[in-house]
Amino acid sequence: MTRNLHLLAIGNDGISGLTNAYTELSGQIDQLTAVADARTSSKLAGLKSKMEDFTANVTLVGQVKAGKSALTNILAGDPGLLPSDVNPWTSVVTTLNINTRAPAGTKSKFTFFDQEEWDNLMVGGGRLGELASRAGAEDEMEDIQHQIAMMKEKSEDRLGKHFDLILGQSHQYDYYDADLIERYVCLGDEDDPESVDAKVGRFADVTKSAELFLDLPEYPVSLKLCDTPGVNDTFMVREQITLRALRGSEVCIVVLAAHQALSTMDMALMRIIAQFENRQVILFVNRVDELEDPVAQIPEIRERVLETLKQSGVDPKTDVIFGSAKWAEAAMTGDTAQLSSDSRASLNKMHMATAVGSVSDPVNTIWELSGMPSLLKAMNERITDGSGARLLERTRRSARNLGKQIRATSVARQLSDTGSVERDFEGRSPVQVMDDLRADYEVKIAKITAGLREKLVQRMRNAEANFVKRATDSLIAHLEQYGEQGTWQYDPTGLRMLQKAAYFSFARNMRSQVGAIYGQATADLEGIYQGLLGNHLGEFSIESPAVPRVPPPLGIGRTIALDLQSTWWRRWWQKRKGYEAFAADYARLISSEASSISADIEENQVAAVLDNIRTGLGDFLQEHQETLLEIAKMGGEAPAKDSAIAAKLLSEQSKEALLGDILKGLGSEAA
């Protein structure tokens, strides 16, 4: 039973600045709403709604049996919620939605593979089958097909006539508990058939994802905690699902076991986290309670971890936090009796060496030594500096622009009462001007996005050609020196580095070119405001939309055939005779693998960025077009009577003065 949920709030200092800024901005939006018309009020309400719905995505990845699920349970304030000994064959990613808006009456939801996904696994062997086929590893393909047949047979035995009906569906419940969760995500021990009964793991083979919905007021913002069971499953289904989860993640917590550290970490995992920005990654070395002498061993492990990170292309400045989910559970439940004598001995050694906490306050002392306060603080700081800060800036910018539109509309209303709205567009109507502007920028943005895509594709191809040449030259040199005896393999790290450089070049070019075109569109819109209202606006400017963020290129880290283990390559080697056959076949394999990475990056990341570029500008132009056309209509209204004009002008002038104060509060340079 959880007794000390308040411990989860200890790390809130790291995010209090953000929540305070949201509260202040929400109040300023309320002030704007009080002087806005119905259309603008609706847009302002949308801005508030986006802030209220802000959810930070945090994903946990790591070694099998490192304690990811146990750590997730602590973060969820419910030790024992998720089975912490999930068999590594399970391909289920479990998301804990904390303080989010859940579907009515839903506390848990389990989604199954659809027919196409299942067919891809059954017929082609999934991602692993795709790689085996590309590498020409027929023997491995036979093994994969055999394992798949056994898996399908077992699933059909469990589900019977419901098997075909369940694909593509989901099950929703108004509750969750350990038994329900195990039914969908836990296979038990595959080496012990007796451990799998009619309830445990009944749907596990066909479950793609699990979602739970929790309320935890100890967290000041909404969170999506995504627990991934690992990336080294038999058919590499889980690697694909984990990559999908990580693509939308702001923070990646890599969980390692202290007794394993990085010495046996999956290379697939290293390749994935190497693609993240440094600030997005936190390494949590769990299970320090299992170390005989944590005080002496932790510095040694830290040094080894940092060296491994450096060798794997991960920034060694990445935060490395040591702790114990077991100790955290003891603090949260207030039950230290659950700790083994060895664990308590390690805890006492840590306490004596660090002088953290006091004997009179054992709960907070154990919590501090568990590493959880450091983890929560690091997590909250990254949320604040990342997606939280981006949303805050976008919302402020939009609020300022809406405030400027309210002000322009107020000035136009004053001018319409005196019949002095201007129309300086060289004979064109405001409608024509806006239509021409939108059409012009649709062409410009299409040209820019097409150019960005084309340049990226070309650089990716150049990277591929460069790597193929170096690899085949190295292969031929090996053959000339050693002949066809033995085996040879070329590290694909160089290919990934070249592709990453191409992607970052795309990101730089995108920010520069799109920022410029957004700025031009903004200046043109300001010209239309001036054309309608002339010098009556005074000092007036609007702000460009934010340039879309380019996410890290996670697809570059996925496993390719060149990463597969040496047994594949011995067989590949043995099937080729003659230098030309070696070189030609190897070049074809590299090209095929490199193209698959490029296609993944283009389809899953670049396409979304380019779409966001178009949508961002389109929405920006649409919003201002509505305001400008409303102002233009005011110019056609008949002036009101003198007494009505005086009263109305006084009202609008008061509104304009109030708007100036609000805009100053929002940080507008030209209130």
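# Notebook: loops, strands and salt bridges

**Entry 1. Two loop residues**

I began with Asn-99, which has a relative accessibility of 23% and therefore counts as partly exposed. I note here that the model is predicted. Asn-99 belongs to the loop that runs between β2 (93-98) and β3 (108-112). I looked up its backbone angle and found a positive phi of about 65 degrees, although Asn-99 is not a glycine. I recorded this because most residues other than glycine have a negative phi.

I then turned to Arg-287, another residue other than glycine with a positive phi, in this case near 65 degrees. Arg-287 is located in the loop between β8 (281-286) and α11 (294-311). Is Arg-287 buried or partly exposed? Its relative accessibility is 24%, so I entered Arg-287 as partly exposed; the class of buried residues ends under 20%.

**Entry 2. Strand β3 and its partners**

I next followed the side chains along β3. In a regular strand, side chains alternate between the two faces of the sheet. I found this alternation in β3: Ser-108, Phe-110 and Phe-112 are directed to one face and are buried, while Lys-109 and Thr-111 are directed to the other face and are not buried.

Which strands pair with β3? One partner is β4 (residues 170-173), which runs antiparallel to β3 and is joined to it by four bridges. The other partner I noted is β5 (residues 207-214), also antiparallel, with five bridges to β3. I used Thr-111 to trace both pairings: its bridge partner in β4 is Ser-170, and in β5 it stands opposite Ser-209.

**Entry 3. Helix α12**

I checked how helix α12 (residues 325-333) is placed. Seven of its nine residues are buried, so the helix is largely enclosed by the rest of the structure. The buried residues are Ala-325, Trp-327, Ala-328, Ala-330, Ala-331, Met-332 and Thr-333.

I also looked at what lies at either end of the helix. At its start, Ser-324 has a side-chain oxygen within 3.2 Å of the backbone nitrogen of Lys-326. After the helix comes Gly-334, with a positive phi near 70 degrees.

**Entry 4. Salt bridges**

I then looked up the charged pairs. Side chains of opposite charge can pair when their charged atoms come close. How many salt bridges does the structure hold? The total is 22, and I examined some of them individually.

Asp-30 and Lys-48 form one, with their closest N and O atoms 2.9 Å apart. This pair links distant parts of the chain, since Asp-30 is in helix α1 (residues 13-34) and Lys-48 is in helix α2 (residues 38-52), 18 residues apart. Asp-30 is partly exposed at 39% relative accessibility, whereas Lys-48 is buried at 18%.

Arg-247 and Asp-600 form another, with an N to O distance of 2.8 Å. Arg-247 is in helix α9 (residues 237-247) and Asp-600 is in helix α19 (residues 579-634), so this pair ties together parts that are 353 residues apart in sequence. Arg-247 has a relative accessibility of 26% and counts as partly exposed; Asp-600, at 11%, counts as buried.

I also followed the salt bridge between Arg-382 and Asp-319, at 3.0 Å from N to O. Here a helix and a strand are linked: Arg-382 is in α15 (residues 372-418) and Asp-319 is in β9 (residues 319-322), 63 residues apart. Arg-382 is buried at 10% relative accessibility, and Asp-319 is partly exposed at 30%.

Which residues are joined in a network of salt bridges? I listed Glu-250, Glu-277, Arg-279, Arg-390 and Arg-549.

**Entry 5. Arg-496**

My last entry concerns Arg-496, in helix α17 (residues 493-533). Its relative accessible area is 8%, so I entered Arg-496 as buried. What does Arg-496 touch, leaving aside residues up to four places away in sequence? I found contacts with Arg-271, with Ile-556, Gly-557, Arg-558, Thr-559 and Ile-560, and with Asp-563.

Definitions and conventions:
Residues are numbered from 1 along each chain as its sequence is written. This is a predicted model: local features need pLDDT of at least 70, side-chain atom pairs count only at pLDDT 80 or more; totals for chains, interfaces and linings use all residues. Side-chain values use heavy atoms; hydrogens and water are left out. Buried means under 20% relative accessible area, exposed over 50%, partly exposed in between (1.4 Å probe, protein chains only). A polar contact is a pair of N or O atoms within 3.5 Å; within protein, one must be able to donate a hydrogen and the other to accept it, and residues adjacent in sequence count only if both atoms are side-chain atoms. Two strands pair if DSSP finds at least two bridges between them. A salt bridge is a side-chain nitrogen of Lys or Arg within 4 Å of a carboxyl oxygen of Asp or Glu. Contact means heavy atoms within 4.5 Å.
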